[in-house]
Amino acid sequence: MVASVPATPAIHFLRKHGVTFREHPYAYEDHGGTRVSSRALGVDEHAVVKTLVMQDETRQPLLVLMHGDREVSTKQLARQLACKTIEPCAPDVAQRHTGYAVGGTSPFGTRKPLRVFVERSILDLAGIYINGGRRGLLVGLDPRELMRVLEARPVDVAI
């Protein structure tokens with residue numbers, strides 16, 4: 001018998017907003033990233049979306065949703081947002097902004113509302129797998145829900 005896992009703030013958020021999703025638990029590995037989660041779930045790493053906590057030159061936080069097999073061009077993102085610079089937040093700062101530990105960061109149910117930017121090509125996928133609010137938990141959903149419930153703004157910053 002499998003024990004039920006307590007719902008995370010992300011799961012509560014998804015339910016509250018009527019998002020259809022499926023929970024996909026897997027064995028979390030430190031520093032394994034989307035390579036490990038995609039392999040554990042048997043899905044293409046391109047469909048696993050990582051949630052990156054970044055900040056602009058005024059230290060205003062933002063989230064960037066990116067394909068698991070791609071990186072973010074912070075220079076291109078800064079240009080598209082009309083900022084001088086964009087850089088990743090330190091892990092403790094990221095946790096303070098989101099309420100989630102690194103490796104378990106979800107764009108849903110963050111401690112405070114954050115601006116969300118999504119790599120445009122993610123929206124073209126049939127389905128995505130994104131962190132469900134704790135290490136070792138992805139949720140599968142329609143990528144268009146990112147626009148509906150997060151008001152995510154599309155950007156072209158993948159490298």
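Where in the chain is the place of Ile159? The views below come from a predicted model, and the opening one deals with this residue.

**View 1. Ile159 sits in the segment after strand S8.** Strand S8 covers residues 153-155, and Ile159 comes in the segment after that strand. Is Ile159 buried or exposed? It's exposed, because its relative accessible area is 61%, and the cut-off for calling a residue exposed is over 50%. Even so, Ile159 has some company: leaving aside residues up to four places away in sequence, it touches Arg70, Glu71, Val72 and Ser73. Now look for Tyr100. Tyr100 and Ile159 are 59 residues apart in sequence, and their C-alpha atoms are 26 Å apart in space.

**View 2. The whole protein has five helices and eight strands.** Start at the N terminus and follow the chain, and you'll meet the elements in the order α-β-α-β-β-α-β-α-β-β-β-α-β. The radius of gyration is 15 Å, close to the 15 Å that the globule rule gives for 159 residues, so the protein is as compact as a globular protein of that length. Along the principal axes, the C-alpha atoms fill a box of roughly 55 × 30 × 30 Å. Of the 159 residues, 48% are buried. Take the contacts between residues at least 6 apart in sequence: 63% of them join residues at least 24 apart.

**View 3. The surface and charges of the protein.** The accessible surface comes to about 8,500 Å², and carbon and sulfur atoms account for 50% of it. How many positive and negative side chains does the protein have? There are 21 positive and 17 negative ones, and the centres of the two sets lie 4 Å apart.

**View 4. Helix H1 runs over residues 9-16 and has four names to look for: Ala10, Ile11, Phe13 and Leu14.** These are the buried residues of H1. They cover an arc of only 160° around the axis, which puts them on the same side of H1. Here's a handy bit of background: an α-helix has 3.6 residues a turn, so residues three or four places apart point the same way. What do the buried residues of H1 pack against? Their partners are strand S1 (22-25), strand S7 (137-141) and helix H5 (144-150). Just after H1 comes Gly18, with a positive phi of about 65°.

**View 5. Helix H2 spans residues 33-41.** Which residues are buried in H2? They are Thr34, Val36, Ser37 and Ser38. The cover over these buried residues includes strand S2 (48-56) and S7. You've already met S7 as a packing partner for the buried residues of H1. Look just after H2 and you'll find Gly42, whose phi is positive at about 70°.

**View 6. His31 and Glu151 each have a positive phi without being glycine.** His31 lies in the loop between S1 and H2, and its phi is near 60°. With a relative accessible area of 81%, His31 is exposed. Glu151 has its place in another loop, the one between H5 and S8. The phi of Glu151 is near 55°. Glu151 is exposed too, because its relative accessible area is 68%, and exposed means over 50%.

Terms used
Residues are numbered from 1 along each chain as its sequence is written. This is a predicted model: local features need pLDDT of at least 70, side-chain atom pairs count only at pLDDT 80 or more; totals for chains, interfaces and linings use all residues. Side-chain values use heavy atoms; hydrogens and water are left out. Buried means under 20% relative accessible area, exposed over 50%, partly exposed in between (1.4 Å probe, protein chains only). Helices (H or I, at least four residues) and strands (E, at least two) are DSSP runs, numbered from the N terminus. The arc is that of the directions from the helix axis to the C-beta atoms. Contact means heavy atoms within 4.5 Å. The radius of gyration is taken over C-alpha atoms; the globule rule is 2.2 Å times the number of residues to the power 0.38. Accessible areas come from the Shrake-Rupley method with a 1.4 Å probe; for residues, only the protein chains shown count as cover. Lys and Arg count as positive and Asp and Glu as negative; His and the chain ends are not counted. The place of a charge is taken as NZ of Lys, CZ of Arg, CG of Asp or CD of Glu.
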